[in-house]
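Opening the notebook on a new model today. I want the overall picture, then the core, then a couple of single residues.

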Amino acid sequence: LARLVSAVTWTSTMQVAEPHKLLETWPLIHPRHALGLLVPQFADIRVRAFAIKCLNQLTDHQLCVYMLQLASALKSEPYHDSPLARFLLT
């Protein structure tokens, strides 16, 4: 999924529509791979929301393992009110 998302020219509305449509039906990925979608390179809100949707399958114990990476990813969020910020507050 990260390769697909990285191949998109995010300034082109025609190219952005297709991955957004794919993300609606894409099966959930492993949380470790979902962390890769939270890098600054992928600033699209829908891509980041999909990553959070995948992270929702973690237990509290598993979430503790990834907390440092999630806190670091929070620095690259394009908006203060983001899916990642809401996820961490919850």
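**Burial and setup**

I started with burial: 34% of the 90 residues of the protein count as buried, where buried means under 20% relative accessible area, exposed over 50% and partly exposed in between, with a 1.4 Å probe and protein chains only. Note to self: this is a predicted model, so local features need pLDDT of at least 70 and side-chain atom pairs count only at pLDDT 80 or more, while totals for chains, interfaces and linings use all residues. Residues are numbered from 1 along each chain as its sequence is written, and side-chain values use heavy atoms, with hydrogens and water left out.

**Overall build**

I looked up the secondary structure and got six helices and zero strands; helices are DSSP runs of H or I with at least four residues, strands are E runs of at least two, and both are numbered from the N terminus.

Next I checked the radius of gyration, taken over C-alpha atoms, against the globule rule of 2.2 Å times the number of residues to the power 0.38. The protein has 13 Å, which agrees with the value near 12 Å for a compact globule of 90 residues. Its C-alpha atoms fill a box of roughly 40 × 25 × 20 Å along the principal axes.

I also pulled the contacts, meaning heavy atoms within 4.5 Å. Of those with a separation of 6 or more, 53% join residues 24 or more positions apart.

**The core**

Which residues touch the most other members of the largest nonpolar core? I found Leu37, Leu38, Leu55, Leu70, Leu84 and Phe87, in a core of 21 residues. Such a core is a set of buried Ala, Val, Leu, Ile, Met, Phe, Trp, Tyr and Cys residues joined through side-chain atoms within 4.5 Å. At least two of its residues come from each of α3 (31-35), α4 (45-55), α5 (60-74) and α6 (83-89). The largest share, six residues, is from α4.

I followed up on Leu37: leaving out residues up to four places away in sequence, its partners include Leu1, Ile29, Phe42 and Phe50.

**Two single residues**

Is His20 buried or exposed? His20 is buried, because its relative accessible area is 12%. I place His20 in helix α2 (residues 13-25), and beyond four places in sequence it touches Trp10, Asp44 and Arg46.

Tyr79 sits in the loop between α5 and α6. With 52% relative accessibility, Tyr79 counts as exposed. I also checked Tyr79 against Ala43, 36 residues apart along the chain: their C-alpha atoms are separated by 9.6 Å.
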